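Here's a quick look at how two chains meet, and at one pair of packed helices. Have the structure open while you read.

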Amino acid sequence: MTIYLMCFFLFVMGLYCLIAKKHLIKKIIGIAILDYAVNLFLILIGYKSGGIPPVLFEGMNKQTFSQQSVDPLPQALVLTSIVISLGVLIMMVSIALRLYEKYKTFDTSEISRLRG
Amino acid sequence: MLVFYTLLAIMILGSIVAIETRNLLSSVISVGIVGFTLSILFLMLGAPDLAITQVVVEILALVILIRATISVDNTAIEKHRDTFAMVSSLVFVGLFLVFASYAFLEMHAFGESLMRTSQHYLDNGLAETGASNIVTSIILDYRAYDTLGEATVLFVSVLGATVIMRRIGRKRGVNL
């Protein structure tokens with residue numbers, strides 16, 4: 001329970017950075033922290049105390065493996081999520097650089113003021 | 001158990017520094033601290049595939065973010081702060097935290113995974129797919145369409161970034 005709350009605190013800090021900060025790169029950093037927190041939360045749900053990685057080695061007992069291994073399904077889905085978050089980050093940074101080229105600033109209040 | 005709490009505390013401290021510091025470059029480096037600590041935490045939680053992927057993705061993300069901050073002149077952020085936005089978002093975030101803690105009371109405790117679906121994968125994964133790594137057997141066999149969609153999303157995002165960043169574009173109203 002405490003570890004879930006700590007992970008959620010990380011999520012909330014990313015959300016705060018996304019809402020309160022004006023700088024575009026700071027907002028991108030907030031989204032990155034939010035990504036980390038969500039991925040970590042899904043892995044924490046699938047953890048089993050004293051668990052082993054879901055990889056079978058030679059000479060390993062099949063029965064104890066399926067009893068002890070951690071949940072492999074969130075790992076497979078989070079693997080997808082990590083790679084997609086990289087793609088989203090590339091897209092956001094390129095849009096931010098284009099905005100900087102046009103307006104010569106990263107400040108979002110300045111950008112909305114300078115329209116036209 | 002203590003190692004999880006320690007690593008999470010390091011992550012929270014790193015993200016506080018990343019959010020609150022004024023220098024943009026040190027902020028990006030602090031995000032790197034959070035990401036690499038997350039990869040160590042994945043390794044401790046029994047997910048070595050995720051740890052490897054997280055390290056690779058983190059290095060690429062750091063390179064891209066440093067490129068974005070170095071190429072522009074104003075790496076330091078200006079002084080003025082919007083106090084109203086800060087206070088209102090802090091209140092909102094606090095309310096969010098309170099309601100989420102009520103939701104966490106209903107969840108199963110940490111360390112007791114439910115494993116309703118994935119018990120089948122663990123029991124029959126080796127016999128049905130022939131892969132000794134169960135995560136690989138899930139992403140490449142049981143849920144292969146998910147991976148196909150991931151590749152599509154990655155391709156589209158790279159294509160979009162290329163189109164946004166390219167210098168030469170066609171002028172509007174000119175027929176070629």
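## Where chain A meets chain B

Start with the charges: between chain A and chain B there is one salt bridge. It joins the side chains of A:Lys21 and B:Glu20, at 3.5 Å from N to O. Keep in mind that this is a predicted model. Over all chains, the structure holds two salt bridges. The A:Lys21 end of the cross-chain pair sits in the loop between α1 and α2 of chain A, while B:Glu20 belongs to helix α1 (residues 2–20) of chain B. As a general point, side chains of opposite charge can pair when their charged atoms come close.

Polar contacts add to the picture: 13 residue pairs link chain A and chain B this way, both partners at pLDDT 80 or more. On the chain A side, four helices each supply at least two of the residues that touch chain B: α1 (2–20), α2 (24–45), α3 (62–68) and α4 (72–103). Which of them gives the most to that side? It's α4(A), with 23 residues.

What kinds of residues make up the side of chain A that touches chain B? Here's the split:

| Class on the chain A side | Count |
|---|---|
| Nonpolar | 52 residues |
| Polar | eleven residues |
| Charged | nine residues |

Now for the extent of the contact. Chain A puts in 72 residues and chain B 92 residues. Together the two chains bury about 7,900 Å², with 76% of that on carbon and sulfur atoms. Three tyrosines, A:Tyr16, A:Tyr36 and A:Tyr47, supply 9% of the area chain A buries against chain B, more than any other three residues.

## Inside chain A: α2 against α4

The helix α4(A) also packs against α2(A), at an angle of about 175° and with the axes 10 Å apart. That angle is over 145°, so α2(A) counts as roughly antiparallel to α4(A).

Which residues make this contact? From α2(A) come A:Leu24, A:Ile28, A:Ile31, A:Asp35, A:Asn39, A:Leu42 and A:Ile43. The α4(A) side includes A:Pro74, A:Gln75, A:Val78, A:Ser81, A:Ile82 and A:Ser85, and further along A:Leu89, A:Met92, A:Val93, A:Ala96 and A:Leu99. Sorted by class, the residues of this helix contact come to 13 nonpolar, four polar and one charged.

Key. Residues numbered from 1 in each chain as written. Chains lettered and ligands numbered in written order. Predicted model: local features only at pLDDT ≥ 70, side-chain atom pairs only at ≥ 80, totals over all residues. Heavy atoms only, no water. Contact = heavy atoms within 4.5 Å. Buried area = accessible area lost by both parts, 1.4 Å probe. Salt bridge = Lys/Arg side-chain N within 4 Å of Asp/Glu carboxyl O. Polar contact = N/O pair within 3.5 Å; in protein donor to acceptor, adjacent residues only side chain to side chain. Nonpolar A, V, L, I, M, F, W, Y, C, P; charged D, E, K, R; others polar. Axes fitted to C-alpha atoms, helices over the stretch in contact; angles between N-to-C directions. Parallel < 35°, antiparallel > 145°, perpendicular 65-115°, else oblique.
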